Amino acid sequence: TAGTIVLDLKGNIIAGGTNTAINIGANAGTTGVSVTSTGNITGTSAAGIRIVSASSGIHKVISGPINVGGQILNLSAFTTSAGGNNVTINGDSSGRGIYSDSKGTGDNTLTINGNITNNLDNTGIAVINSSANAGNVLLDLNGSTNKNIQANNYSTTGTTTVDVAGSVGPTPVFGINATSVGGDIKVNVDGSITASTWGVAANNSGTGNINITTHNIINGSSNGIDAQIVNANSNGAITINSLGTINNTGWGIYTLNSGKGNTTITTSDTVTASGAGVVGLSNGAGAGNVTITTNKDVIAGSSVGVEGDILNASSTGNIVIKTLGNVSGTDNNGIYSLNLGTGDVEITTAVGAFDAIYAGTNSGDITIKADSNVIGGANGITAASAGTGLTTIDVGATVTGGAGSGILAATPVNSTVIINLN
């Protein structure tokens, strides 16, 4: 029948055996579901709150702490005409994590004022919009979770936002996975992230931006931060602000922009990785620039310390790399930059096992400023240009090459090379 299902519960709810504490099934005739529970919800093995709904309206849940042996909350709105989900959980909760899925046209909003503990499987929180006509995915965790976070939006226009005030992990898989096929992805984490694979991964196959800010330590065995725009027609930008340390047995930061927008990576603390340290790649055909600024040390193992590349010959973008701390590539280059488009390359100082600094362009200018010591296992500084662009190398400290040269400039006959030894 038409109407809204409303539950207003003031006391504690205790479910015994395999019973779900609050279990609601809403058919297609209902116009919404509203559940308010201010007390504690406790159960042995089943879910705390379970809503399976074909309602055409919004699903609103306000709950106190939930501690059960099954799913903390399972909300499945499986009709495309539904208004979306709006869930608030107040207090620390434990069980098999939280699952909120909407196939409706509205937003899927989850606010958690407390910690989520899952000792039963790998998912702490999953917030999903499964419909192409849905709105935004919004997760606000004012606490911590010991397992991973999934925020996935299959809406062609909606955004994906994850805001975590506490820590994530230690998880046996990834830390945070955020995806969008339409609008922007925004991830902000104030606490630490500890994961067995990547710390934060964001994949945008739509036309929106990716913006990731981390304030604390990231520990993982794959990429600490992995951000990718995979739509060649996207004008979206990738912006990474890493304010805390990254300590990974894989790569520190990896970004790939296959669209036409800019890529900006800024690190404010030390990045240590067994593979590459900080890598920003652009593969689009537009005017997207790659800008990497490292304000503390970058220590890489089996790969490059800092790398910024533009790999599309039709690109007109520039590459700028500024390193204010030490940069080392234990088994590879310190700084490596290659621009296969028509734009320029400007980079600074590093220490590497092969070339400490390598800059290459197809036709643009090369500017290298080495204001501190440069030590390379092969060449100290290599500047390689296939075009007639200007190559300028300013050296304000000692440059030491190993098996090769201190400074190697490889350019065509009609090009100009300026080397200033200060």
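In which strand does Ile185 lie? Keep that question in mind while you take in the whole of this predicted model, since the tour will come back to Ile185, which lies in strand S21.

**The whole chain**

Begin with the entire protein chain in view, coloured by secondary structure, and you will find zero helices and 48 strands. Turned along its principal axes, the chain has C-alpha atoms that fill a box of roughly 85 × 35 × 25 Å. Of its 422 residues, 54% count as buried, and among contacts between residues at least 6 apart in sequence, 66% join residues at least 24 apart.

**Strand S18 and its partners**

Next select strand S18, residues 160-164, and show its side chains, which alternate along the strand: Thr160, Val162 and Val164 point to one face and are buried, while Thr161 and Asp163 point to the other and are not. Add strand S16, residues 137-141, which runs parallel to S18 and is joined to it by five bridges, with Leu141 having Val164 as its bridge partner in S18. Then add strand S21, residues 185-189, which also pairs with S18 in the parallel sense over five bridges, and here the bridge partner of Val164 is Val189.

**Ile185 in strand S21**

Stay on S21 and select Ile185, which is buried, with a relative accessible area of 1%. Leaving out residues up to four places away in sequence, Ile185 touches a set that includes Thr160, Ala178, Ala202 and Ile210. For a sense of scale, select Thr156 as well: its C-alpha atom and that of Ile185 are separated by 13 Å, although the two residues are 29 apart along the chain.

**The nonpolar cores**

In soluble globular proteins, nonpolar side chains tend to be buried together. To look at this here, select Ile125, Ile149, Ile176, Val187, Ile212 and Ile368, which touch the most other members of the largest nonpolar core, a set of 78 residues. Centre the view on Val187 and, leaving aside neighbours within four places in sequence, you can find Val187 in contact with Val162, Ile176, Ala178, Val200, Asn211, Ile212 and Thr213. A second, separate core of six residues can be picked out by selecting Leu256, Ala276, Val279 and Leu281, which are among its members.

**A buried asparagine**

Move now to Asn85, in strand S10, which covers residues 85-90. Is Asn85 buried or exposed? Its relative accessible area is 1%, so Asn85 counts as buried. Show the side chain of His59 too, and you will see that the side chain of Asn85 makes a polar contact with it at 3.1 Å. Beyond the neighbours within four places in sequence, Asn85 is also in contact with residues including Leu75, Ser100, Asp107 and Thr109.

**Aromatic pairs**

Finish with the aromatic rings, where the count comes to three aromatic pairs. Select Phe174 and Trp198, whose ring centres are 4.8 Å apart and whose planes are at 20°, so the pair is stacked. Phe174 lies in the loop between strands S19 and S20, and Trp198 in the loop between strands S22 and S23, so the pair ties together parts that are 24 residues apart in sequence. Phe174 is buried, with a relative accessible area of 14%, whereas Trp198 is partly exposed, at 23%. For the last stop, select Tyr336 and Tyr358, a stacked aromatic pair with 4.8 Å from centre to centre and 10° between the planes. Tyr336 is in strand S38 and Tyr358 in strand S41, so you will need to show both strands to see how this pair links parts of the chain 22 residues apart.

Definitions and conventions:
Residues are numbered from 1 along each chain as its sequence is written. This is a predicted model: local features need pLDDT of at least 70, side-chain atom pairs count only at pLDDT 80 or more; totals for chains, interfaces and linings use all residues. Side-chain values use heavy atoms; hydrogens and water are left out. Helices (H or I, at least four residues) and strands (E, at least two) are DSSP runs, numbered from the N terminus. Buried means under 20% relative accessible area, exposed over 50%, partly exposed in between (1.4 Å probe, protein chains only). A polar contact is a pair of N or O atoms within 3.5 Å; within protein, one must be able to donate a hydrogen and the other to accept it, and residues adjacent in sequence count only if both atoms are side-chain atoms. Contact means heavy atoms within 4.5 Å. Rings of Phe, Tyr and Trp (its six-membered ring) pair if their centres lie within 6.5 Å; planes under 30 degrees apart count as stacked, over 60 as edge-to-face and the rest as tilted. A nonpolar core is a set of buried Ala, Val, Leu, Ile, Met, Phe, Trp, Tyr and Cys residues joined through side-chain atoms within 4.5 Å. Two strands pair if DSSP finds at least two bridges between them.
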